[in-house]
Amino acid sequence: MFFVAAPPVAGRSVYINRKRACASLQEIERLRIEKDVRQKPGRKRPEIPVIREAKRVVLVRHGQSTWNEEGRIQGSSDFSVLTSKGESQAETSRQMLLGDSFDVCFTSPLIRSKRTAEIIWGSRKEEMIPEPDLREIDLYSFQGLLKHEGKAKFGDAFRQWQINAPNFNIDGHYPVRELWDRAKSCWNKILEHEGKSVLVVAHNAVNQALVATAIGLGTEYFRILLQSNCGVSVVDFNPEPRGSPPHVCLNRLNQTPNPPIAAGGGRKTSTRVVLVCHGATQSNNEVTFPNMGYEPMNMLGIIQSQKTAKLLLDLKVSCILTSPRIASVDTAITIFEVQEAADCLGADCIPRYVEIKKMLDLEVEPTLQQAYTSDSSDGIKEGILTELWNQSKKAWEALLQELAADSEPERNVVAVGNSTVHVALICHCLNLTPEWLGAFHLDPGSITVIDFPDGPATQGVIRCINYTAHLGRWSIPITRSMSNDEEF
């Protein structure tokens, strides 16, 4: 195995403002002036009320409850309370959000959620608002049953709940459809509040529905966007001109108190893709944009790559696919070296042999540079974006092929690249169209974990997006904006 570093290429310096310094798809979205492609067929505008100021909403699921522990179907029943583990998880979330400011807290009135909110809110003096529509999904006759009891008592209906939840019917109700309607109602109430930074503490299913309805996804995405106990998700709303609904961006999904590769929630899996954004480079911090992707990581980026490698030590990596750019290759090598030293580091009794492969389809920097430096028409810029989309689709297909390439019982593939290509890969995983490219945000050094509990030929389940807790003091605080320092 050997590496050939990408040769430095001379190029003229292009000076841009700080907002355009980071190569992110949120910026690409802005290049499509006037022509709002989000209204094209394939994506409908989310039913979100018009806002005048930017808002950030932080969603937290309650800690482990007694019925979680017992494996009972809770629904909107109110008979379970937090376990000692659940109280500890809530305390961890409190510490994680301790330095973040909130103007208000909305909470489900159910005991397990309300108690979690009280622990996280701590000594804050701001308002706590119980909201009945934030209660967990209503499951009617299912509620209170152990899973094997549900299967024995309801048979086909329980099977439908497991494999076709959006069309699941019980007692004359369609619970998932009702939940989606209730989530839309919640957004009206949350966004009408004057607070610009809002904490919402609720439940697994309702938080899934809140995330999905915010970015315009339907009930078919139930159980695709995981919410673990005390997992944190962040949704940004930015006002649009002429009274249009706001632009919505999922800043992160399911940042858990425990590492995402060990976190509970969701089905067990033996096949997984981990998307690793390479660490910070000089162009992340300065307004010059000379040779995008050819500069190495700065000291912050090196630390971030080391932190990521340490996090992945608990995961046996089968293969690392990387963009040929310097920062990505260096990040991949750091992960590789830690994996191969697993026995020395006490993670394994035998060494791990990990293959690294450079993948040209993960190298989107030349395409991005065209978009940033081009003075061409919107049509040409649209063509550049189409090129990026098609290239990332090839990369996603290659990732799935790599995931299925071996018959070993556990296969974990890591892909290292620019945050932009990873956003596109997330969209491909979710079977979305290019109109969703501005709906996700990733930070340097972050990871995104995608599970395939039924194998790589089936729908992937997003365990987390933009996970940064492993970076410690080098992570981005939850309520700090990356796009405009004055907004939050």
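# Questions on a predicted model

Colleague: At which residues does UniProt place the feature "active site"?
Modeller: The structure here is a predicted model, and the annotation comes from an unreviewed UniProt entry. The annotated residues are spread over 75 residues of sequence but cluster in space, with a largest C-alpha distance of 10.6 Å. The entry places the feature at His62 and Glu136.

Colleague: Is histidine 62 buried or exposed?
Modeller: Histidine 62 lies in the loop between strand 1 and helix 2. Beyond residues up to four places away in sequence, histidine 62 touches Asn68, Gln74, Arg112, Ser113, Thr116, Ala202, His203, Asn229 and Cys230. Buried means under 20% relative accessible area. Histidine 62 has 1% relative accessibility, so it counts as buried.

Colleague: Which residues does the UniProt annotation "binding site" cover?
Modeller: This annotation, too, is taken from the unreviewed entry. His62, which carries the "active site" feature, is one of the residues covered. The full list is Arg61, His62, Gly63, Gln64, Ser65, Thr66, Trp67, Asn68, Arg112 and Lys147.

Colleague: What is the relative accessible area of glycine 63?
Modeller: Glycine 63 sits in the loop between strand 1 (55–61) and helix 2 (66–70). With neighbours within four places in sequence left aside, its contacts are Asn68, Leu82, Gly86, Gln89, Thr116, Asn229 and Cys230. Glycine 63 is buried, because its relative accessible area is 0%.

Colleague: Where is tryptophan 67 found, and is it buried or exposed?
Modeller: Tryptophan 67 belongs to helix 2. Not counting residues up to four places away in sequence, it touches Arg72, Ile73, Gln74, Ser77, Phe79, Ser80 and Gly144. Its relative accessibility is 13%, so tryptophan 67 counts as buried.

Colleague: How many residues of strand 6 are buried?
Modeller: Strand 6 covers residues 247–255 and pairs with strand 5 (residues 232–238). That pairing is antiparallel and runs over six bridges. Strand 6 is mostly covered, and the number of its residues that are buried is nine of nine.

Colleague: Which residue of strand 6 stands opposite asparagine 238?
Modeller: Strand 5 and strand 6 pair in the antiparallel sense. Strand 5 takes in residues 232–238, while strand 6 takes in residues 247–255. The residue opposite asparagine 238 is histidine 247.

Colleague: What is phi of arginine 242?
Modeller: Most residues other than glycine have a negative phi. Arginine 242 is in the loop between strand 5 and strand 6, and it is exposed, with a relative accessible area of 75%. It is not a glycine, yet its phi is positive, at about 60 degrees.

Colleague: Where is aspartate 171 placed, and what is its phi?
Modeller: Aspartate 171 is in the loop between helix 6 (156–163) and helix 7 (175–192). At 45% relative accessibility, this aspartate counts as partly exposed. Its phi is positive although the residue is other than glycine, with a value near 55 degrees.

Colleague: At what angle do the axes of helix 9 and helix 10 cross?
Modeller: Helix 9 spans residues 299–311 and helix 10 spans residues 326–340. The two axes come within 9 Å. Their crossing is right-handed, and the angle is roughly 35 degrees.

Colleague: How many residues of the contact of helix 9 with helix 10 are charged?
Modeller: Helix 9 contributes Ser305, Gln306, Thr308 and Ala309, and helix 10 contributes Thr331, Thr334, Ile335 and Val338. These residues divide into three nonpolar and five polar. The number of charged residues in this contact is none.

Colleague: What distance separates the C-alpha atoms of isoleucine 333 and alanine 309?
Modeller: Isoleucine 333 is in helix 10 and is partly exposed, with a relative accessible area of 23%. Alanine 309 is one of the helix 9 residues in the contact with helix 10. Isoleucine 333 and alanine 309 are 24 residues apart along the chain, and their C-alpha atoms are separated by 9.4 Å.

Colleague: Is glutamate 402 buried or exposed?
Modeller: Glutamate 402 is found in helix 12 (residues 378–403). Leaving aside neighbours within four places in sequence, its contacts are Cys319, Leu321, Lys357, Arg411 and Val413. Its relative accessible area is 11%, so glutamate 402 is buried.

Key. Residues are numbered from 1 along each chain as its sequence is written. This is a predicted model: local features need pLDDT of at least 70, side-chain atom pairs count only at pLDDT 80 or more; totals for chains, interfaces and linings use all residues. Side-chain values use heavy atoms; hydrogens and water are left out. Axes are lines fitted to C-alpha atoms, for helices over the stretch in contact, and angles run from 0 to 180 degrees between N-to-C directions. Helices (H or I, at least four residues) and strands (E, at least two) are DSSP runs, numbered from the N terminus. A crossing is left-handed if the near helix is turned anticlockwise from the far one by less than a right angle, and right-handed if clockwise. Contact means heavy atoms within 4.5 Å. Ala, Val, Leu, Ile, Met, Phe, Trp, Tyr, Cys and Pro count as nonpolar, Asp, Glu, Lys and Arg as charged, and the others, Gly among them, as polar. UniProt positions are given in the numbering used here, feature names are shortened, and annotations may be inferred rather than shown by experiment. Buried means under 20% relative accessible area, exposed over 50%, partly exposed in between (1.4 Å probe, protein chains only). Two strands pair if DSSP finds at least two bridges between them.
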